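Here are a few notes to read alongside the model. I have kept them short and in numbered points, so feel free to take them in any order.

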Amino acid sequence: MSTIALVACSKKKAAGPLPAEELYAPSALFSKSRAYALAHADRWLILSARHGLVAPDQELEPYDQRLGTTRTEREIWTNRVWFALRGELSKGDEVVMLAGRDYGRLLGAELRRAGYQVSEPMEGLGLGARLGWLSRNA
């Protein structure tokens, strides 16, 4: 049994191709979420609107894309990430969602249906409150 943290990507990105954990590092929310994941989880992965599930060391080019707004786009994204995530999880694993409402609602429901324990410690908090929570708890 292990704990896997899922950290949301960020709009703010570094220039040039970099490992994902460095590409998103200019974002304070991402950096603080990464620090929390490193301190409280056995492993962590990144949720990307464009790339789906991303390993921290996976090299990516900068991009500008948000999670789709139509039901079909969101279902495609969720299925893609869920398919990839199933290969990363073992029975009994706990998943900590360090992501906004959209990611949590889409993927969290899928994980719960499959029987995984899912926590969303910042659920319902706005950006400032998320940053404060992460500062206090990382």
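1. Which residue in strand 6 is the bridge partner of Val-7? It is Leu-98. Please keep in mind throughout that this is a predicted model. Val-7 and Leu-98 take us to the pairing of strand 1 with strand 6, which run parallel and are joined by five bridges.

2. Strand 6 has another partner: three bridges join strand 6 to strand 7, again in parallel. Here Glu-94 stands opposite Gln-117 of strand 7. Strand 6 is also mostly covered, with four of its five residues buried.

3. Now to helix 4, residues 101-113. Its 13 residues should span 18 Å at 1.5 Å a residue, and the end C-alpha atoms are indeed 18 Å apart, so the two values agree. Even so, you will find a bend of about 25° at Leu-107. Just after the helix, Gly-115 has a positive phi of about 95°.

4. Helix 4 has a good number of residues to look at from the inside: Tyr-103, Gly-104, Leu-106, Leu-107, Gly-108, Glu-110 and Leu-111 are buried. An α-helix has 3.6 residues a turn, so residues three or four places apart point the same way. The buried residues of helix 4 pack against strand 1 (3-8), strand 3 (43-48), helix 3 (71-86), strand 6 (94-98) and strand 7 (117-119). Leu-107 therefore appears both as the site of the bend and among the buried residues.

5. On aromatics, a search of the whole structure finds six pairs. One of them is Tyr-24 with Phe-30, a tilted pair with 5.3 Å from centre to centre and 55° between the planes. Tyr-24 is buried at 0% relative accessible area, and Phe-30 is buried too, at 1%.

6. A further pair is Tyr-36 with Trp-133: the ring centres are 5.1 Å apart and the planes meet at 50°, so this pair is tilted. The pair links distant parts of the chain, since Tyr-36 lies in helix 2 (residues 28-40) and Trp-133 in helix 5 (residues 127-137), 97 residues apart. Tyr-36 has a relative accessible area of 13% and counts as buried, as does Trp-133 at 16%.

7. Lastly, Tyr-24 and Phe-30 belong to one aromatic cluster together with Trp-44 and Tyr-63. Tyr-63 also has a charged neighbour worth a look: Lys-13 lies over the face of its ring, 4.3 Å from the ring centre.

Definitions and conventions
Residues numbered from 1 in each chain as written. Predicted model: local features only at pLDDT ≥ 70, side-chain atom pairs only at ≥ 80, totals over all residues. Heavy atoms only, no water. Helix = DSSP H or I, 4+ residues; strand = E, 2+ residues; numbered from the N terminus. Expected span 1.5 Å × (residues − 1). Bend = angle between axes of the 7 residues up to and from the residue. Buried < 20%, exposed > 50% of the residue type's maximum accessible area, 1.4 Å probe, protein only. Contact = heavy atoms within 4.5 Å. Phe/Tyr/Trp six-rings, centres within 6.5 Å; stacked < 30°, edge-to-face > 60°. Lys NZ or Arg CZ within 6 Å of the ring centre and 35° of its normal. Pairing = 2+ DSSP bridges.
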